[in-house]
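Me: I am new to this structure and should like to understand the terms used to describe it. Please set each one against its definition.

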Number of protein chains: 2
Amino acid sequence: MTEQLIKKIAEKNNPTVVGLDPTLEMMPEALRRRMFELYGKTPKAVAEMFIEFNTAIMDAVLDIVPAVKPQIAMYERYGLEGIRAYMETTRLAKEKGFVVIGDIKRGDISSTAEAYAAHLGGVDIDGERFDTWNEDIVTIAPYLGSDGITPFCKRLSDENKGIFVLVVTSNPSSSELQCLISDGKPIYEHMGALVEAWGEPYRSISGYSRVGAVVGATHPEQGALLRRLMPHTFFLLPGYGAQGATGKDIRGMFDKDGGGAIVNSSRGIIAAYKKSARFGEDFALAAREAAIIMQKDLYENVFGGRV
Amino acid sequence: MTEQLIKKIAEKNNPTVVGLDPTLEMMPEALRRRMFELYGKTPKAVAEMFIEFNTAIMDAVLDIVPAVKPQIAMYERYGLEGIRAYMETTRLAKEKGFVVIGDIKRGDISSTAEAYAAHLGGVDIDGERFDTWNEDIVTIAPYLGSDGITPFCKRLSDENKGIFVLVVTSNPSSSELQCLISDGKPIYEHMGALVEAWGEPYRSISGYSRVGAVVGATHPEQGALLRRLMPHTFFLLPGYGAQGATGKDIRGMFDKDGGGAIVNSSRGIIAAYKKSARFGEDFALAAREAAIIMQKDLYENVFGGRV
């Protein structure tokens, strides 16, 4: 699936993934009112808001953005109806042709990780296959080591899927664990080496593996170092935009050909309409403009103007 | 909620939590056939099997076991219907009076962790509260540091809930990350110190905090060391039974009064009927007998026979 992602990035000329992380506060007033009137103040109303909101965002950026990344927590918060909205979002995203990155950060011991691996390709019930998650790639938390990774790996080949394993996260307290020094190197370097090794059997013709890494865009030096240490690992870079990282910060996280990474922006794109009165409630148009500005920033600052 | 858990353990005279981690393979043939006939080979059929199976197990151990711990992955595997079965299990468990530990191992950056915190007490929709998860305590993955913990902490006081943070896990590859040495101490000791510190504001009259730790029962020496280093942290001990740990292995993970920890067994109890032909398909009776044997083992080996 890394190959498809790389191909789509080239097609759109844009290494951007839009984070579909809706909140109730983010919903435009008219949409909110309409759904509350139809369904009451219920999880069902919020689910319908999220589906309509995400659909409009996806349609607005479809020709310029290769991938979307819904964060499952934003949906799980609303229980079963929320998860239905997540699944409907991933289903529509696949139908529209996006690469779908499920930001689920699951991770557990082997038999349990095997159950979570159903996110990538579904589950067999006495010979019948059911895939309700519709994800192409998912994010994985690594605290349990390779036992938590291996069950997903089987899906990489069999189902042509991908994973991104957390190495350095974009949040302020990421250092508490990830920057402890062991054997002269921070934990994230150890994690990086593990991820690069886990990915070895899953490399494609591009040189990149279906086992990727999450590297916070907010850590320029760590990211540049990991780029050198992990030459076959494709990076998902969260933290651009609302979390503070800029095009300049992530320059070193791409390879010499400007490949090897995709940059996520969530609020910076989907809630862009809140930043300027001129959009009114046209959140989709605002998202499209924000995505275009981001593409320009990446080209000017990451690739030296080569749009 | 740690207080309620401690009280329930004393009432039942049994520091055992039953892991409700059903699989399709584990289902008795008659139940399987009946649900497939009613609903076809569908996620709905599996969900109904799991609900009926879990209900019978819970009823069979209700008078001897204080808590249950459904592992959400086993349900999430079956998509929306699976998650419905998880929620119905937690709802029934609460109704029956068990302390409900949701084994969800979520963990993310702050705004996202805030969304996941809805597991503990639900979500507000314009002033209306919806709690569909019904969990009293959830497990948390710590790779992102305190940002991923803090949003849950607010729920500890406001909603009287608890969390168990992963420190040492029970699986073979846990050492890959958790046993790296930093500043003369393994990562799990650093994690243990963080957890003990995070829990400080949430200590109850028992001396134990509402911030607990997951410590794999399969690591006797590490567990005993952590018991000494984390005197205010209540432990959830997975890995007993099917994963190989015995009563003797976990002796050192309890405090001097035999408190401070609860031991999980999943397959060892709920799939006990598969181990002996004499039960036929009476999985509930087999589960009850396995729970009684486990209680005896804990008393003989952990507490020196003081049932």
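The exchange below takes up the terms one by one.

Reply: This is a predicted model, in which local features need pLDDT of at least 70 and side-chain atom pairs count only at pLDDT 80 or more, while totals for chains, interfaces and linings use all residues. Residues are numbered from 1 along each chain as its sequence is written, and chains are lettered from A and ligands numbered from 1 in the order in which they are written.

Me: Why is Asp255(A) called partly exposed?

Reply: A residue is buried if 20 or more other C-beta atoms, placed from the backbone, lie within 10 Å of its own, exposed if 12 or fewer, and partly exposed in between. Asp255(A) has 15 other C-beta atoms within 10 Å, so it is partly exposed. Asp255(A) lies in the loop between α11 (247-250) and β12 (261-265) of chain A; helices (H or I, at least four residues) and strands (E, at least two) are DSSP runs, numbered from the N terminus.

Me: With which residues is Asp255(A) in contact, leaving aside its neighbours within four places in sequence?

Reply: Contact requires C-beta atoms, placed from the backbone, to lie within 7 Å. With those neighbours left aside, Asp255(A) is in contact with Arg227(A) and Gly260(A).

Me: How do you know that β3 and β6 of chain B pair?

Reply: Two strands pair if DSSP finds at least two bridges between them. Strand β3 (residues 99-106) and strand β6 (residues 137-140) of chain B run parallel and are joined by three bridges. One bridge partner is Ile140(B) in β6(B), opposite Arg106(B). Both strands belong to a closed barrel of eight strands in chain B, β1-β2-β3-β6-β7-β10-β11-β12, with parallel pairing.

Me: What span is expected of helix α13 of chain B?

Reply: The expected span is 1.5 Å times one less than the number of residues. For the 20 residues of α13(B) (283-302), 28 Å is expected, and the helix reaches 27 Å from its first C-alpha to its last, close to that value. Among its buried residues are Phe283(B), Met294(B) and Val302(B).

Me: What makes the relation of chains A and B that of a two-fold axis?

Reply: Copies are superposed by least squares on the C-alpha atoms of residues with pLDDT of at least 70 in both. A turn of 180° and a shift of 0.0 Å along the axis lay chain B on chain A with an RMSD of 0.0 Å. That is therefore the relation of a two-fold axis. In chain B, the C-alpha of Ser182(B) is nearest the axis, 2.2 Å from it.

How values were computed:
Two residues are in contact if their C-beta atoms, placed from the backbone, lie within 7 Å.
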